[in-house]
Each structure stands twice: as structure tokens, then as C-alpha cells.
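Trainee: I'd like a close look at one part of this structure, please. Pick a spot and walk me through it step by step, as I'm new to this.

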Amino acid sequence: MSEGAYQRLWESSHVTLQELLDQEQPLLEPVPDRERQSFQYRLASLYLHYLGLLRRFDTVYDQMVQPQKRRLLRRLLDGVAGRVLELKDELVHADLCENHCLDRVLQDLKLTPADLEVPIPKYFLLEQSTTVRERGLILAEILSRLEPVSSQKSVTGMHRTEAIILVQKAERARQGRLRATFMQEIRRDEEQDRRIQEDGWHKFSQGQAAVTIQKVWKGYLQRKCTQQDRRMEMEFIGMLPSPNQVEHLSIISQARLVEDVRRLRQMEKEEEFRAAMVKAHDSLVETEGPDMKEKMKEQIRQWFIECHDLTGRFPDYPDASSGGSYSIFADKTPEQVRMELEMQVQENRKKEQEKSKEKGKDEKEKKKGKEEKAKKGEVDAVLQVLPSKFIPRICAGHEEYLNTWKNRCESIHPSQNYDSETLREEKRKEVELEIRIQVDELMRQELRNLRLAVDKEEERPLRAPKKTPGKKTGKKKEKDLTSDRSVESLYEELVISGLLRKSESVALKDYIGDFLYLGSTLSLAKKLPMPSLFDIRQNVALYAVLRLGSPDIHIMAPLIRSILLVGPSGMGKKMLVKAVCTETGANLFDLSPENLLGKYPGRNGTQMMVARLLQPSVIWIGSAEKNFYKKIPKEDKEMDPKRIKKDLTKALRLLTPGDRVMLIGTTSRPQLAEMRGLCRVYERILFMPRPDYASRYVLWKRMIEARGIQPTQHLDISALAKVSDGYTPGHILQAIQSVLSERRFLQLSKRPLVASEFLGQLVKLDPVYREEEESLKDWYFKTPLGKKSMKHRVDQLEAEEAKLDKEKKKRK
């Protein structure tokens with residue numbers, strides 16, 4: 001796509017954004033609980049539209065070159081991502097569950113499940129690629145120092161693969177020597193024949209010449225056929241692309257090359273723009289700075305004189321926290337400023353008196369209203385969306401686009417250079433603020449001198465704010481456990497001890513799963529829909545990846561500090577933890593009870609402190625139920641799994657908006673833990689049931705294709721998906737790896753894959769039995785959110801039964 005195409009995409013995105021902003025205000029109005037379904041539908045529709053807008057803004061920001069536009073796009077992108085997180089939080093409160101049945105909304109909006117995919121902004125990894133690379137080098141260096149120690153233990157033995165390679169090398173060397181001797185003898189014989197022919201002036205006969213030409217031609221044809229057969233073989237085993245794929249691959253590679261070139265141009269234009277910003281700032285300070293300074297001084301002096309003439313005394317100079325002299329000259333006269341200050345004092349007093357009266361009245365009215373409603377049985381809950389923190393930011397970005405870039409002629413800057421006029425206007429405001437701070441300091445001193453000289457009055461001290469008894473104004477200082485240590489030494493120590501690990505590179509999209517197509521149908525049939533693997537992937541992207549990827553989003557988004565992944569073993573819980581680290585470039589701290597055995601006794605807060613210093617960070621606790629055991633088993637008493645329980649709770653409380661640290665726990669046996677303590681530490685609990693039919697079908701298909709095999713008509717994937725009910729993604733992967741060995745891979749041309757081959761391997765594995773899953777479901781519905789969901793479901797059923805009873809009575 002060209003720059004003009006991205007510009008048009010940007011323009012169309014703002015048209016959609018304006019429509020969405022118009023829909024925001026009605027959501028703030030309270031809605032009675034009986035209209036919950038329509039309220040949920042409006043929320044879901046707005047959520048889906050913002051997801052599409054996020055996808056478009058990410059594309060435009062990734063490929064737009066002009067630096068000033070990219071700054072505005074970045075603010076819009078972060079604002080829309082934050083609004084998506086807010087709407088997700090509202091959906092959870094409205095639906096009383098973590099997964100949402102949006103199939104009906106998708107159908108009404110003419111969208112596909114692909115539109116529900118949460119886009120992860122590309123700048124998350126691009127902007128910190130250097131940091132991730134440097135961290136990888138440091139990790140490799142630290143681990144390389146540990147290798148000699150481990151290698152000394154295994155000097156005597158040799159691995160089977162190494163031994164085979166050594167034998168192969170020796171055999172190839174022996175065959176090479178024999179071949180060299182044989183070729184040397186052939187060359188000697190050929191040399192002798194050549195000399196005999198030259199000495200005797202031997203001439204070829206017609207038959208000999210024909211035979212020689214035939215040999216050369218047949219050799220050429222044979223070499224050509226051999227090359228063709230070799231190419232066909234390489235294409236068949238997937239080592240070379242097929243002819244119909246070559247063109248497609250060339251187009252894709254060319255598009256990727258263009259994207260990389262555009263990113264290089266972005267870096268060049270960004271460097272030019274930063275240099276221009278410094279140059280414009282210095283130029284304005286030198287040329288316009290003195291005039292600005294004198295003009296401000298004259299205005300403030302004139303204000304002093306006019307206020308003294310009106311009131312008989314000099315005014316109080318505004319504090320720097322209130323904006324200094326800028327608050328005086330915001331299109332107001334000195335008399336208006338004085339009147340406003342006096343009115344504010346009077347209004348504040350009136351408001352305090354009115355509030356105290358209104359509180360008493362409101363309390364009385366509320367009590368009366370509750371009593372009356374309780375008598376009548378008409379107590380209705382109210383649904384309402386909380387005011388957004390991101391909407392003002394999005395509106396400001398939208399206004400800037402309308403005022404600055406919408407009607408801008410793009411032919412002025414065909415090379416995508418910065419706009420010097422816009423830059424000077426922005427810098428002029430910054431220079432004016434800097435100079436105003438300096439002028440305010442000078443004029444405060446001048447005001448003191450005037451009071452002493454004219455009114456013989458000393459400076460009036462400012463009143464200190466009143467301290468309310470019983471309340472502490474300052475925050476409790478947290479104990480610094482790392483005051484005498486450098487971050488580098490702590491980092492190395494944690495790597496050596498195995499608490500800070502190198503995470504495997506796993507993309508979140510590799511967690512394969514399909515959409516729940518029958519969610520609304522199951523709800524109408526009074527059946528509770530379980531989350532699909534697609535829902536789990538989306539929740540991890542929303543709760544962890546989007547928040548950890550950007551500090552601007554994390555500061556303003558609803559704060560989530562911890563997640564608990566609950567499900568049978570083999571569901572990919574560890575894979576999701578690695579995917580979060582990969583997508584955000586986060587450090588991985590392993591605080592599992594087994595990994596903490598014998599490490600850092602009595603100093604469990606150090607890891608959390610380092611995690612805050614090395615943001616973004618993911619703290620993973622495997623077998624999370626062990627930290628909250630109801631009763632510690634005998635085999636686990638040595639590791640003392642509950643020793644970090646108190647430190648974990650305290651450390652999580654210290655995490656504030658902006659601290660990009662996420663605690664992710666994984667467990668397959670949450671029933672063994674104390675419910676109250678576990679739910680207090682983990683704010684979001686994501687239940688991961690066995691995959692449904694759609695997800696199993698996609699898992700079989702994608703995993704077989706990942707092995708380089710294209711499924712044929714002989715392989716009934718639908719039958720495999722039906723037979724593998726109860727098996728986890730881990731079980732399916734094990735079965736595929738066992739069947740598709742190297743030997744079986746070579747036999748595919750003669751004997752294609754069939755579904756029955758995988759059944760023998762599945763039989764050897766233990767599935768997730770229905771009793772185990774029901775036990776996990778029962779536990780989940782005892783969590784705070786699960787209780788609310790079940791209570792709401794029971795209330796709905798009772799209300800429907802009451803309606804049916806009324807209708808029956810009316811008929812009678």
C-alpha cells in the first residue's frame with residue numbers, strides 16, 4: 001500500500017471513530033436490570049467496533065512515515081486499546097462471566113470470528129527489540145559461564161547422536177580415500193589412451209563419432225531428468241515451494257520488504273524531526289524569547305496596578321500548582337479575576353454547608369425509598385457504564401486530527417517530511433510555558449518588594465492544608481531489600497539460581513482454538529456455555545498482553561495485577577505464560593514452589609522488587625494451589641510451599657498503575673487450596689475446560705499441517721475430532737508426534753495417512769474424565785464471579801417460572 005492508501009484508511013477510521021463517540025454518551029445513562037440483554041448487546045456491539053478500529057489504527061501507525069502524524073496516531077492507538085480494555089471490564093460486570101457469547105452480535109453486524117481476534121500492536125516488540133536483544137545476550141553470557149561446570153560431570157560419556165556422527169565421519173573419510181585412489185587410476189588410463197591416439201594420429205570412424213555424440217546427449221538428458229526428479233522430491237517433502245506457490249511467496253516477500261523499507265524511513269524521518277525540534281526550540285528562545293518575557297512582565301505589572309487601584313492592596317500571586325500567571329490572563333480582566341477569587345471562597349463555604357444538609361436529606365430519602373420498595377417488592381438493580389478515562393484522550397486526538405490534518409493538502413509534503421509551521425506552533429507554546437515559569441519567579445519577588453515599599457506590608461503566609469485526624473497523609477514506605485545491590489548483580493544472581501529464566505519464543509496465535517459458534521443457542525436452551533480455546537486466547541491477550549505491552553495503557557486501564565489459569569494438565573497453561581513473555585518482551589520469573597526449594601530463605605520479597613525494576617515482567621507460579629494448601633501433604637512439607645504466601649500478598653498490594661508486572665498462576669488442582677486466600681491474590685480466574693469439537697478439528701488439522709503434511713481425502717479429520725472428545729491439546733500433539741515418525745513420513749507417497757493410525761496412540765493416553773472436569777466446574781462456580789453468575793442464572797429461571805405461573809392463572 002502507498003502512503004495515500006494509509007491516509008485514506010486513517011480518514012475512514014476517523015469517520016467510524018466519530019460514530020462510536022456519538023454512541024458513548026447514551027451508555028452513561030442508568031438502565032434497569034430487566035433490560036440487561038439490550039444493555040449487553042449495546043456493550044458488545046461497541047466492543048466489536050472498537051476492536052476493528054484498533055486493528056486499523058495499528059496498521060496505519062505501523063506503516064505511516066510522517067513523524068507528526070505518527071505521534072497523533074500513537075495516542076489514538078493507545079486510547080482505543082485502553083477503551084477496549086474498559087469495555088471488556090464492563091462486559092464482565094454485565095455478563096457476570098469472563099467469556100461472552102457474541103455469535104449473535106457478529107451475525108447482526110455482518111462480521112466473522114476473525115474480527116473478534118484481539119490485535120496486538122506491532123510496536124510492542126518493535127520499539128523494545130534492542131532491549132530484548134541485549135537482554136538475550138546478557139542471559140547467554142551468564143548461562144555460558146555455567147556450562148563448563150555442568151560439562152565436567154559428563155566428560156566420560158558420549159551421547160548416542162554424537163557417536164553416530166563420529167562413525168559417519170570416519171566412514172565418509174574411508175570412502176573418500178578409496179574413491180580418490182580409484183579416480184587416480186582412471187585418470188592414469190585416460191592419459192595413456194590420449195598419448196597413444198596423439199602418437200598414432202588415430203581418427204574416429206563414423207560409427208565411433210556417432211556413439212560419442214550419443215553419449216554426450218544422453219548424459220545431458222539424464223542430468224536434466226535427475227535435476228527435475230530431485231526438484232519434484234524436494235517439493236513433495238516440503239523443502240522447496242511448488243510452482244504455484246512461488247508467485248504467491250514472491251508477492252508476500254516483496255510486501256514484507258516494502259514494510260521493512262517503510263520502517264527504515266520512519267526511523268530516518270523520526271531522527272530528522274527530533275533534530276528539528278531541538279533547533280526550533282533554540283531558535284524561538286533566541287528570537288522570540290526576550291519579547292515574550294518583556295510582554296509578560298508588562299502584563300503582570302499592569303495587573304498589579306489595576307488590582308491595587310480597585311481593591312486598595314496588591315493581589316496574591318497564584319501558586320505554580322494552579323498555573324501561575326497563566327491562570328490570570330486567560331481572557332479575563334483583573335477585576336474579573338479578583339471577583340472570581342472572592343466568589344470561589346464564598347461558593348466553597350456554601351457548598352460545604354449544602355452538602356452537609358443534602359447528605360442528611362438523601363440518607364432519609366434513601367431509607368424511606370428502600371422501605372417502600374421492600375414493602376412493594378420492587379427493588380430493581382441498575383446497570384450503568386462507568387465514565388471512561390480514555391474517551392477524553394481519544395476525543396482530544398480526534399479534534400487534533402480534524403483541526404490539523406483532515407483538510408491538509410498532502411501534495412505539500414510528498415516526501416513525508418515534518419511540517420515546520422505546525423512544529424513551530426507547538427514549540428512556541430512550550431517556550432512560552434518555560435519563560436512564564438521564569439517570569440513568575442521574578443514577578444513574585446517584585447510583588448514582595450512592592451508590598452514592602454508601598455503598603456509597608458510583609459508577605460502573607462499561605463495557609464497549610466488542614467490535616468484530618470485519624471488519617472495518614474503519606475504512603476507507607478516500602479522496605480527496600482536491594483538498597484546495597486546493583487540491578488545487574490541481582491539479575492545475574494537470579495539467573496544463576498534459576499528464578500529468572502529464558503522464555504521460549506511462542507506466539508500467542510500458536511495457541512490454536514476455534515470460536516464458540518453455539519453460545520447464544522446454548523444460552524437460549526438454558527445450558528451454560530463453557531469457554532472455548534479461542535475465548536481463553538482472547539482473555540489472555542486482553543488481561544496480560546495489552547496491559548504489559550504499553551506503559552501508557554497500563555497507567556490508565558483498569559488495574560489487573562494477577563491471573564490464575566485453571567484447567568487439566570495438557571491444556572497449554574505454560575504455553576500461554578511463554579506467549580505473554582514473547583508478545584510483550586517481558587522477563588520471566590519462576591516462583592513455583594518446586595523451584596524455590598532451598599533458595600532465598602527469609603528473603604522472598606527480593607524477586608518482586610527486581611521484577612518492578614526490570615519491567616515488563618511476568619511472575620509465574622506453577623502449581624499455584626500449593627501456596628494456599630488447606631493441609632500440606634507429607635511429600636510437600638520439605639519445600640514449605642506456603643512460605644511466600646504473606647510476601648506475595650504484600651508485594652501485590654504495592655503494585656500500582658504503571659508497574660508493568662503481572663502475576664500468572666497455573667493450577668490443575670485448585671480444590672486443594674483455600675478458596676478465600678487464592679481468590680484474594682488472583683484477581684482474574686480463567687477456567688480452561690476440555691476443547692470442544694470445533695477446537696479439536698482445528699487442532700488436528702493445524703498440527704498435522706505444521707509437520708509439513710497436507711491432509712488428503714483419506715484422512716477423516718472430522719472423525720478424529722469426534723473420537724478425541726475428552727483429550728487435551730497436549731494429548732493430540734503427543735499422538736501426532738508418535739505417528740508421524742521419520743519412517744512414516746517417507747512412506748506417505750505410497751501409503752497416505754488415515755484416521756485409524758492415531759487411535760492406537762490415543763488409547764495409550766489417559767483422557768480428562770468427565771468427573772474431573774465437573775469437579776473443576778464445581779470449584780469455579782464457588783469463586784466470587786462464579787457465585788454471582790450462578791445466582792443471576794437462578795434468579796432468571798425463577799423470574800421465568802413466575803411469569804409462566806401468572807400466565808397460567810390468567811388463562812384459568
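**A walk from the surface to helix H3**

Mentor: Let's start on the outside: Leu143 is partly exposed, because its relative accessible area is 35%. Keep in mind that this is a predicted model. Leu143 sits in helix H6, residues 129-153. Together with Leu146 and Ile496, Leu143 makes a nonpolar surface patch of about 220 Å².

Now zoom out for a moment. The protein has 812 residues, and 38% of them count as buried. Its secondary structure adds up to 28 helices and eight strands. About 50300 Å² is exposed, with carbon and sulfur atoms supplying 54% of that area.

The part I want you to look at closely is helix H3. H3 covers residues 67-95, which makes 29 residues. At 1.5 Å a residue they should span 42 Å, and the end C-alpha atoms are indeed 42 Å apart, so the expected and actual lengths agree. H3 is mostly covered, too: 26 of its 29 residues are buried.

Have a look at the two ends. At the N-terminal end, Gln66 acts as a cap, with a side-chain oxygen 2.9 Å from the backbone nitrogen of Gln68. Beyond the other end comes Leu96, and its phi is positive, near 60°.

Next, go inside H3 and find Arg83. With 2% relative accessibility, Arg83 counts as buried, because the cut-off for that is under 20%. Which residues join Arg83 in a network of salt bridges? They are Glu24 and Glu86.

Take Glu86 first. The closest N and O atoms of Glu86 and Arg83 are 2.9 Å apart. Both residues belong to H3 and are three residues apart, so about one helical turn separates them. Here's the handy rule: an α-helix has 3.6 residues a turn, so residues three or four places apart point the same way. Glu86 is buried as well, at 9% relative accessible area.

Now for Glu24, which comes from helix H1, residues 3-27. In the salt bridge between Glu24 and Arg83, the closest N and O atoms are 2.7 Å apart. Glu24 lies in H1 and Arg83 in H3, so this pair ties together parts that are 59 residues apart in sequence. Glu24 is buried, with a relative accessible area of 7%. Its side chain also has a polar contact of 2.8 Å with the side chain of Tyr50. Who else does Glu24 touch, if you leave aside neighbours within four places in sequence? The contacts are Leu46, Tyr50, Arg83 and Ile391.

For a contrast, try another of the salt bridges; the structure holds 30. Arg696 pairs with Asp725, and their closest N and O atoms are 3.3 Å apart. Arg696 lies in helix H22, while Asp725 lies in the loop between helix H23 and helix H24, so the pair ties together parts that are 29 residues apart in sequence. Arg696 is buried at 5% relative accessible area, whereas Asp725 is partly exposed at 40%. Compare that with Glu24 and Arg83, which are both buried.

Ties across the sequence fit a broader count: residues 24 or more positions apart account for 84% of the contacts with a separation of 6 or more. So when you turn the model around, find H3, then Arg83, and trace the network out to Glu86 and Glu24.

Note on methods: Residues numbered from 1 in each chain as written. Predicted model: local features only at pLDDT ≥ 70, side-chain atom pairs only at ≥ 80, totals over all residues. Heavy atoms only, no water. Helix = DSSP H or I, 4+ residues; strand = E, 2+ residues; numbered from the N terminus. Expected span 1.5 Å × (residues − 1). Buried < 20%, exposed > 50% of the residue type's maximum accessible area, 1.4 Å probe, protein only. Polar contact = N/O pair within 3.5 Å; in protein donor to acceptor, adjacent residues only side chain to side chain. Patch = residues over 30% accessible without salt bridge, like charges linked within 9 Å, V, L, I, M, F, W, Y side chains within 5 Å. Areas by Shrake-Rupley, 256 points an atom, 1.4 Å probe, with all protein chains shown as cover. Salt bridge = Lys/Arg side-chain N within 4 Å of Asp/Glu carboxyl O. Contact = heavy atoms within 4.5 Å.
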